[in-house]
Amino acid sequence: MASYKEIFGTNIEVLASDPANPVTGQVWYNSTDNVVKGAAATTAGAWATGGNLNTPRQLLGTAGAGTQTAALGFGGGLPAVTAVTESYNGASWTEVNDLNSARETVGSAGTQTSALAFGGDTGTVTNITESWNGTCWAAVNNLNTTRRIMGGAGVDNTSALAFGGLSAGPTFQAVTESWNGTSWTEVNDLNTARFSLAGAGSQTSALAFGGNGPVALTESWNGTCWSETNDLNTARRYLGSAGTDNTSALAFGGLIGPPKTGATEEWNGTSWTEDTDLSTARDQLAGAGTSSLALAFGGNTTGVTAATEEWTGAGAPLIQTFTDS
């Protein structure tokens, strides 16, 4: 049988502390702990507790943008509408400059330093759009279709997509609009009109899933049109989401009817796979990040919450200690 050195080209290292970036399969002796350790990878995703929002709120409701360690949360209901904006650094939230228009059920896209807030409810349904430059919000050109509780996708404040939603009436919407940094243009509609859905991805590669009913419907956007694809395993509305394109996304939480759920599902471009649930079941929450490193914050448990959870997907580095047993 081949030795460790023959397989990996080196003997087991003796180190005073664990290496910063061990390679899967690497083994070393920790001389401080007096144990042999090795690097593996997680086989399932997991949620961990993050820092609480300063202002508890729900998606009726706060919106999210950015990454797990550099996120932005804005707007929401307390249940009164708020303009509060907070920035997350991977450990804690800091209040920054408010939206110009306090509102809930707002659509969102972008990053911590380049975000877009569109539509929502100020007390009446609105089409207001605001652009964030990392310091403050500025009013820009409005959506063509006034609505709230819609899906959103986009990589920054110059490139975004708004789809679905609920307009005054109320009327379910299938309308999709594309943002070019200056104005909104109507493009091809969703196949199924709905609101309280989630979105992930970019202006040219997006995913729309869940919604009122609740439904499990998933649609994929290729930059020109929407195509129906495989459904969520758990039909729900008012769910959170993360993801950067239509081949990789995360769906979590939501309302299944009336029970709230913590169900988390991962999209691989073809189908949804169930993974580890949120620690606390909730709906009307916001999300940010990718399918492998995501953030869930705010929402409603048995009341409005400030709780934040951090997601690490399967395949993350894991250090194990070897024992005699």
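Me: Which residue of strand 14 stands opposite Gly154?
Reply: This is a predicted model, in which local features need pLDDT of at least 70, side-chain atom pairs count only at pLDDT 80 or more, and totals for chains, interfaces and linings use all residues. Residues are numbered from 1 along each chain as its sequence is written, and side-chain values use heavy atoms, with hydrogens and water left out. Strand 13 and strand 14 (residues 159-163) are joined in the antiparallel sense by five bridges; two strands pair if DSSP finds at least two bridges between them. The residue of strand 14 opposite Gly154 is Ala160.

Me: Which strands are the edges of the sheet with the order 13-14-17-18?
Reply: This open sheet has four strands, paired antiparallel. An edge strand here pairs on one side only. The edges are strand 13 (151-156) and strand 18 (184-187).

Me: What is the average twist from one strand to the next in this sheet?
Reply: The angle is taken between axes, which are lines fitted to C-alpha atoms (for helices over the stretch in contact), and runs from 0 to 180 degrees between N-to-C directions. For the sheet 13-14-17-18, the average is 20°.

Me: In the sheet 19-20-21-22, which residue of strand 20 is the bridge partner of Ala198?
Reply: These four strands also form an open sheet with antiparallel pairing, and its edges are strand 19 (198-201) and strand 22 (226-229). Neighbouring strands are turned by 25° against each other on average, direction ignored. Strand 19 is joined to strand 20 (residues 206-209) by four bridges. The partner of Ala198 is Phe209.

Me: How many strands does the protein chain have?
Reply: Helices (H or I, at least four residues) and strands (E, at least two) are DSSP runs, numbered from the N terminus. By this rule the chain has one helix, and its number of strands is 30.

Me: What radius of gyration does the protein chain have?
Reply: The radius is taken over C-alpha atoms, and the globule rule is 2.2 Å times the number of residues to the power 0.38. For 325 residues, a compact globule would come near 20 Å. The value for this chain agrees with that: 21 Å.

Me: Why is the ring pair of Trp47 and Trp311 called tilted?
Reply: Rings of Phe, Tyr and Trp (its six-membered ring) pair if their centres lie within 6.5 Å; planes under 30 degrees apart count as stacked, over 60 as edge-to-face and the rest as tilted. The whole structure has 13 such pairs. The centres of the Trp47 and Trp311 rings are 5.1 Å apart, and the pair is tilted because its planes stand at 50°.

Me: How many residues apart are Trp47 and Trp311?
Reply: Trp47 lies in strand 4 (residues 46-49) and Trp311 in strand 29 (residues 308-312), so the pair links distant parts of the chain. Both are buried, meaning under 20% relative accessible area, with exposed over 50% and partly exposed in between (1.4 Å probe, protein chains only). Along the chain, their separation is 264 residues.

Me: Which residue joins Trp47 and Trp311 in a cluster of ring pairs?
Reply: The residue also appears in strand 24 (residues 248-252), which is joined to strand 23 (residues 240-245) by five antiparallel bridges. Strands 23 and 24 form a hairpin with two residues between them. In strand 24 this residue is the bridge partner of Gly240. The third member of the cluster is Phe252.

Me: Is Trp184 buried or exposed?
Reply: Trp184 forms a tilted pair with Trp179, 5.2 Å centre to centre and 45° between the planes. Trp179 has 1% relative accessibility and counts as buried. Trp184 has 5%, so it counts as buried.
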